[in-house]
Amino acid sequence: MSEKKTLPELHTEQVFKGKIELDVRDSVPDWGPYSPPKAPEDAPNVLFILYDDTGLSAWSPFGGGINMPTAQKLADNGLVYSQWHTTAICSPTRSTCLTGRNHHLNGFACIAEATTGYPGQHGRLPAQCATVGHILQDAGWSTFWVGKNHNVPEQDNAPGGYKGTWPLQQGFDRFYGFLGGETSQYFPDLVEDNHFIDQPYLPDEGYHLSKDLTDQAIRMIRDNKASNPSKPWYMWFCPGANHAPHQAPPEYIDKYKGKFDDGYEAYREWVLKRMIEKGVIPEGTKLTELNPMADVAIPADQVRPWDTLNDQEKKLFSRMAEVWAGFSEYTDAQIGRIIDYLEESGQLENTLVLYAADNGTSGEGSPNGSVNENKLFNTYPDDLAENLSMIDKLGSPDCYNHFPTGWAVAFSTPFKMFKRYSEYSGGTCDPLIISWPKGMKARGEVRHQYHHSTDIVPTILDICGLEMPDVYRGVEQYPLSGVSMRYTFDADPDGPTQKKHQYFEMMGTRGIWADGWRASAVHGPMTSQGHFDEDEWELYHVDEDRSESTNVADKYPEKLEELKQLWMDEARKNLVLPLDDRTAVEILTDERPSTEPPRQRYIYYPDTTAVPEGVAANVRGRSFKILADVEVGDDCSGVIFAHGSRFGGHSLFIHDMKLYYVYNFLGIPPQQEFVSSDEIAPGKYTLGMEFNREKAGQYGESLGTAKLYINNKVVAEGPMKAQLGKFTLCGDGLCVGRDSADAVAKEYTPETQGKFTGGTIQYVEVSVEKEQYRDLEMEMAAAMAVD
């Protein structure tokens, strides 16, 4: 056995190449091991722009009806890819873009809210999957992440949560954005680096998240160039668009007035011709049916044919599409400011720009759409009259809207289905544009080589002259699942792809592509159908049938069996099994580890960051009490306790020296108010309220009686209904002494945040009943929508 070395011996033997003597004058220094990494000379910058929820047929560079000047500029100076695929849902796709490995190897079989305790489904990036941020950072690049994350588990998305999953611990120097799956564009849930922050200004001052993210992105790059002008940078820019809520300035929405009045079937026919003219889709490509899985998919994923709608529904649905289109173009215009800055500063020439989307268009709007997406998550129906009354406010801070499933199909033309369905390209085939003026000769061309989101990291590393190491920080790494796309830059547009095969799996849906063929197992997600061995498999020769319109399984049974076996081989290799199509009840009753298990008594204090709903006191579907020790002074006013927003939430506050409790049920007017009849005199009090749940309403909402207390005296009481689902999916957390972001009650405004003044809040206690009535189907619907 060799003799164990001392730490000084190990250090000098491994890294130091100088000479050490007793006297420094007789020694020779070596700065090599102690210098920061430096990127190769003339190394490129990388800007990766990743939209949300956008299918292949939405944007103008691909023939779509949404004008995207910045994307078009990049396409004219680069390449458009017609067969670039994703995992069919957000978190898993984003994990592949982080590591270059398949989503199950990353532990992201689905979104973080649907994790299970299996090797490919736990929702945390393993040490075997170093990120592109880590590799570039260690090689001398500055690394920035701006916008959406959604690769942080819900229980970690908190001020005191485990930070190991946050961007700065995943190889990024800076982060500015939101950690969850969605957020308001006007009142976002913001994180800067490793801490939560309030938005810098408000909507009436011109705030929109897309604008703010762009400002921050430009500032990061400018700061980098000011201090280290020779240092290249990598930026992952992930806007909230085009995920719900669909919110945009009215001048952009109005650009599309009347553009979608003919309906979604008409758009599909129109856009297919445009895609063929653009060379994105081959001549002869057929449209697929509107409801191809009518007997398999869940009812919420069905499409109502346009000719079955009444005139009012058509008017509403058309306006919802206009809002989405305006949202997309407005965000593109903001991204244009980044491109303009790079061009003006001389950086664009040697910047690799990728412009893409993470999955097919979202069908989470249900067949009817909504002016408040939160109603869908609470299984509470929209009212057509109410929605029509809000038609002129769609896209504004007054709405939290999402369009119906028909538009999800239309903007995923010519394929079947949409986001979440991985067996068909409607869920997986998405726009990708790549531009690198210095590194590619081709301009304004289309590439038809088949590729996948796992190919993004290999492409970036290849262009930067780097490799994914076999061992990183002492951990043996999983090999990259993807291949570099650099060969396509100056290749024959119709030349062979270097991708050999790619499996797909999402919530029990599955398929596989190999050498121009695609096999698809017909299976609906979240159906609890099981019996995967009995699934009917379809076969498509996508080299000849791009839209997957003609099933040729009977004609080529041997090819189908070959692909089915290949899927199983890839499933075992990539930790895909077991398949999971369980209902919400079954999934949500799975136990998941938490550092803070649920309890019956919660204590909160003023002057703290808003507590995210995922880790806050859960009052849903149960009786609860809110009690506060408060000293009231002269002219006292403001929020004592608040959680949620105008679209759903509750607040205990003092207004005009009277005690108020307001429960805003899904933003449906009028808000439920309980108010003390007399003013509160200065002094020390216990102020609070109590809700006794008595039964469930028609749609699962809690029905009961609320009482408002000053000390032990009931000062107001009456019937109340409370939401069964979450107030929000991201943001608008629980606050004491203020109401962060959007206001719950109309008596105070976001400008002041209802800040408590003229008195002192000692603490607030929230007590919840142990037993909870839970509509688990509804909770899972909410979880799926944050993807």
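Reader: Which phi does Gly 465 take just after α13?
Author: Heads-up: this is a predicted model, where local features need pLDDT of at least 70, side-chain atom pairs count only at pLDDT 80 or more, and totals for chains, interfaces and linings use all residues. Residues are numbered from 1 along each chain as its sequence is written, and side-chain values use heavy atoms, with hydrogens and water left out. Helices (H or I, at least four residues) and strands (E, at least two) are DSSP runs numbered from the N terminus. Coming right after α13, Gly 465 has a positive phi of about 75 degrees.

Reader: And α13 itself, how many of its 8 residues are buried?
Author: Buried is under 20% relative accessible area, exposed is over 50%, and partly exposed is in between (1.4 Å probe, protein chains only). The buried set in α13 is Ile 456, Val 457, Pro 458, Thr 459, Ile 460, Leu 461 and Ile 463. So the helix, residues 456–463, is largely enclosed by the rest of the structure, and its buried count is 7 of the 8.

Reader: Moving to helix packing, at what angle do α5 and α8 pack?
Author: Two packed helices are described by the angle between their axes and the distance between the axes. Axes here are lines fitted to C-alpha atoms, for helices over the stretch in contact, with angles from 0 to 180 degrees between N-to-C directions. For α5 (residues 209–227) and α8 (residues 311–344), the axes are 9 Å apart and the angle is about 15 degrees.

Reader: Which label does that give α5 relative to α8, and is their crossing left-handed or right-handed?
Author: Under 35 degrees counts as roughly parallel, over 145 as roughly antiparallel, 65 to 115 as roughly perpendicular, and the rest as oblique. That puts α5 down as roughly parallel to α8. A crossing is left-handed if the near helix is turned anticlockwise from the far one by less than a right angle, and right-handed if clockwise. The α5 and α8 crossing is right-handed.

Reader: How do the residues of the contact of α5 with α8 divide into nonpolar, polar and charged?
Author: Contact means heavy atoms within 4.5 Å, and on the α5 side it includes Ile 218 and Arg 222, with Tyr 330 and Ile 338 among the α8 partners. Nonpolar covers Ala, Val, Leu, Ile, Met, Phe, Trp, Tyr, Cys and Pro; charged covers Asp, Glu, Lys and Arg; the others, Gly among them, are polar. The α5 with α8 contact comes out as 9 nonpolar, 4 polar and 4 charged.

Reader: What about α2 and α8: which orientation label does α2 get?
Author: The axes of α2 (residues 69–76) and α8 come within 7 Å and cross at roughly 50 degrees. That makes the orientation of α2 to α8 oblique.

Reader: How many nonpolar, polar and charged residues are in the contact of α2 with α8?
Author: From α2, Pro 69, Thr 70, Ala 71, Lys 73 and Leu 74 take part, meeting α8 residues including Glu 329, Ile 335 and Asp 340. The split is 6 nonpolar, 2 polar and 5 charged.

Reader: Any backbone oddities? What is omega for the cis bond joining Thr 413 and Pro 414?
Author: Pro 414 sits in the loop between α11 (405–410) and α12 (425–428). Both Thr 413 and Pro 414 are touched by Met 275, which is in helix α7 (residues 264–278) and buried at 0%. For the cis bond from Thr 413 to Pro 414, omega is about 5 degrees.

Reader: Where does Asn 242 lie?
Author: The peptide bond from Ala 241 to Asn 242 is cis as well, with omega near 0 degrees. As for its place, Asn 242 is in the loop between β7 (233–238) and α6 (250–253).

Reader: Is Leu 575 buried or partly exposed?
Author: Leu 575 isn't a glycine, yet it has a positive phi of about 65 degrees. It belongs to the loop between α14 (557–573) and α15 (584–588). With a relative accessible area of 26%, Leu 575 is partly exposed.

Reader: And Asp 193, buried or exposed?
Author: Asp 193 is a non-glycine with a positive phi of about 60 degrees, in the loop between β5 (190–192) and β6 (195–197). Its relative accessible area is 16%, so Asp 193 is buried.

Reader: Last one: which cysteine has the sulfur nearest to that of Cys 636?
Author: A disulfide is a pair of cysteine sulfur atoms within 2.5 Å, and by this rule the count is 0. Cys 636 is in no disulfide, and 17 Å away is the nearest cysteine sulfur, that of Cys 735.

Methods:
Lists of a residue's contacts leave out its neighbours within four places in sequence.
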